[in-house]
Amino acid sequence: MSANGVSPQVSKKELQAMAYSDPLTGLGNRHRLRDKVRLLAAERAQDPAPFTICIADLDGFKPINDLFGIEAGDEILCQVAHRLKACVPEGATVTRHDGDEFAFVLPLIFERSGAERIGQMMRDVLSAPYDLGDRHVRLSASFGFAVYPFAGDEFETLLESAETALYQSKRRGRGQITVYTREIAHEMKRTTQLEQALRTAVIADAVDAHFQPIVRLVDGVTVGFEALARWNDPDLGFVAPSVFVPLAEERGFIDALSETLLRKAAEAALSWPRDVFLSFNLSSAQLMDPGTSESILSILHRVGLAPHRLELEITETAVMTSAETAERILADLRGQGVKISLDDFGTGQSSLGRLRDFAFDKVKIDRAFVSQITTDRASEHIVKAILAMCDGLGLQVVAEGIESHADAEKLKGLGCEMGQGYHYGRPADAASTLVYLQKHYRELVPV
Ligand code: C2E
Ligand code: MG
Ligand code: MG
């Protein structure tokens, strides 16, 4: 062996081969990919016929590595390499980048539909179970394609475009295929600008909590308020929470956003009559984070709001993604007196079993059913069925999105206990909410 650890018998050719290959799978590596792309681009310089590159990334590979061990992870990577080599069209090059990322050069794929077809085929091939001897593992993969020269006429830009497309696939969930276009690049840029502005707003405490009344239907007495996030950016204008909440989740700062909002909402609730509760939306990402219950309780403690005045709204999708962690968080919070509402009931991936297995206190019927209750018989039947079921399970019910007197009367007639919607009040800032309370609040007398 020589000082650098390479045996002197290794020929120059072998050395070169080593520098261009991935020792685990035997595929080419990033250098090979670069050379292949440059070669093709040079060949086609005179006659710029397109060709395509692709990056494939395994979804959720890290947890598998952590769960089954590195050896099992390596075995899967080798099987992936084997499958990919066997299924790519003739003349294609397959390489492995870092970790669970693979790349391809596809000289005979000229446009989007061809790229998508190959992507679907590779996705199917990779989704078959992986044999680990004593068990089988299933995986999906995400794909990003970039077509030369539209998506870049140099290796670096072409690769960057494929990465952008892959990133877009990952944003859309698992097993997605994206071919780079200018619009995608544009959207990514806009999203990143939005992210930066939102991060700044969170730090500057510029995202606000507004409050919408929740009333008892029989007499219209206000029983609580739902806090709804509001953000008015000086440059971007009003941005809806249905846009910026998912963005904060995706980019990993929902905790910071939610903590600020809960603090502001709880501070506002301190000025309300003591029997008026605060309902606060929790995002699904927070129900996967074991630190959530402690963070919520410590904010309540610091602000001085009693936990029994807080209700947390969660969605079915949220409890589904990480059921065990979610269950623990909710149990901790309920143990301290916090109540749990199931939001948007009837629209998500509804499973009635979840109503039985999870300890909820309240169900909020989604606006989709309430808004048509006076005109659509099917909606009315659905609402009736939900009310009967909640009655049997001992759950309280709030109907969301009541916009008219007729809606309110109908729901009252069906025996729905609580409601919320523009008919009773739109979301308003903390100061206007106090004015609203001065006008509308009456002490809750049992009916
Ligand atoms: P959600 O929790 O179901 O909130 C109810 C939405 O319905 C709110 O929209 C509210 O303004 C709207 N709404 C209330 N009454 C009526 C009505 O009578 N008619 C109509 N057409 N709409 C009505 P908003 O404020 O745009 O919030 C949208 C969603 O964003 C919320 O749905 C919730 O999922 C999420 N969100 C809002 N604030 C927060 C927050 O602080 N944290 C989290 N994690 N999510 C939030
Ligand atoms: Mg809600
Ligand atoms: Mg809702």
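Over the ring of which residue does the charged end of Arg83 sit? Select Arg83 together with Tyr130: the charged end of the arginine sits over the tyrosine ring, 3.8 Å from its centre. The structure on display is a predicted model, and the tour continues from this contact to the aromatic pairs and then to the metal site.

**A second charge over a ring**

Select Arg426 and Tyr422 next. The charged end of Arg426 sits over the ring of Tyr422, with 3.8 Å to the ring centre.

**Aromatic pairs**

The model holds 6 aromatic pairs. Begin with Phe51 and Tyr148, whose ring centres are 4.6 Å apart; the planes meet at 25°, under the 30 degrees required, so this pair is stacked. Colouring the strands shows what the contact joins: Phe51 belongs to strand E1 (residues 51-59) and Tyr148 to strand E6 (residues 140-148), which places the two partners 97 residues apart in the chain. Both Phe51 and Tyr148 are buried.

Move then to Trp231 and Phe244. This aromatic pair is edge-to-face, with 5.7 Å from centre to centre and 90° between the planes. Trp231 is found in strand E9 (residues 221-233), whereas Phe244 is in helix H8 (residues 241-250); the separation along the chain is 13 residues. Trp231 has a relative accessible area of 1% and Phe244 one of 0%; both values are under 20%, so each residue counts as buried.

To close this part, select Phe211, Phe225, Trp272 and Tyr436 in one step, as these four residues form one aromatic cluster.

**The magnesium site**

Centre the view on the magnesium ion (ligand 2) and display its protein donors: Glu226 (OE), Asn281 (OD1), Glu313 (OE) and Asp343 (OD), which lie 2.0 to 2.3 Å from the ion. Along the chain, the donors of this ion follow the spacing E-x54-N-x31-E-x29-D.

Which residue coordinates both the magnesium ion (ligand 2) and the magnesium ion (ligand 3)? Add ligand 3 to the selection: the two ions are 3.8 Å apart, and Asp343 coordinates both.

Finally, show the strands that carry two of the donors. Glu313 lies in strand E12 (residues 310-314) and Asp343 in strand E13 (residues 339-345), so the pair ties together parts of the chain that are 30 residues apart in sequence. Are Glu313 and Asp343 buried or exposed? Glu313 is buried at 1% relative accessibility, and Asp343, with a relative accessible area of 6%, is buried as well.

Terms used
Residues are numbered from 1 along each chain as its sequence is written. Chains are lettered from A and ligands numbered from 1 in the order in which they are written. This is a predicted model: local features need pLDDT of at least 70, side-chain atom pairs count only at pLDDT 80 or more; totals for chains, interfaces and linings use all residues. Side-chain values use heavy atoms; hydrogens and water are left out. Rings of Phe, Tyr and Trp (its six-membered ring) pair if their centres lie within 6.5 Å; planes under 30 degrees apart count as stacked, over 60 as edge-to-face and the rest as tilted. Helices (H or I, at least four residues) and strands (E, at least two) are DSSP runs, numbered from the N terminus. Buried means under 20% relative accessible area, exposed over 50%, partly exposed in between (1.4 Å probe, protein chains only). A charge sits over a ring if NZ of Lys or CZ of Arg is within 6 Å of the ring centre and within 35 degrees of the ring normal. Donors are N, O and S atoms within 2.8 Å of the metal (3.2 Å for Na, K and Ca); water is not among the atoms, so sites may look incomplete.
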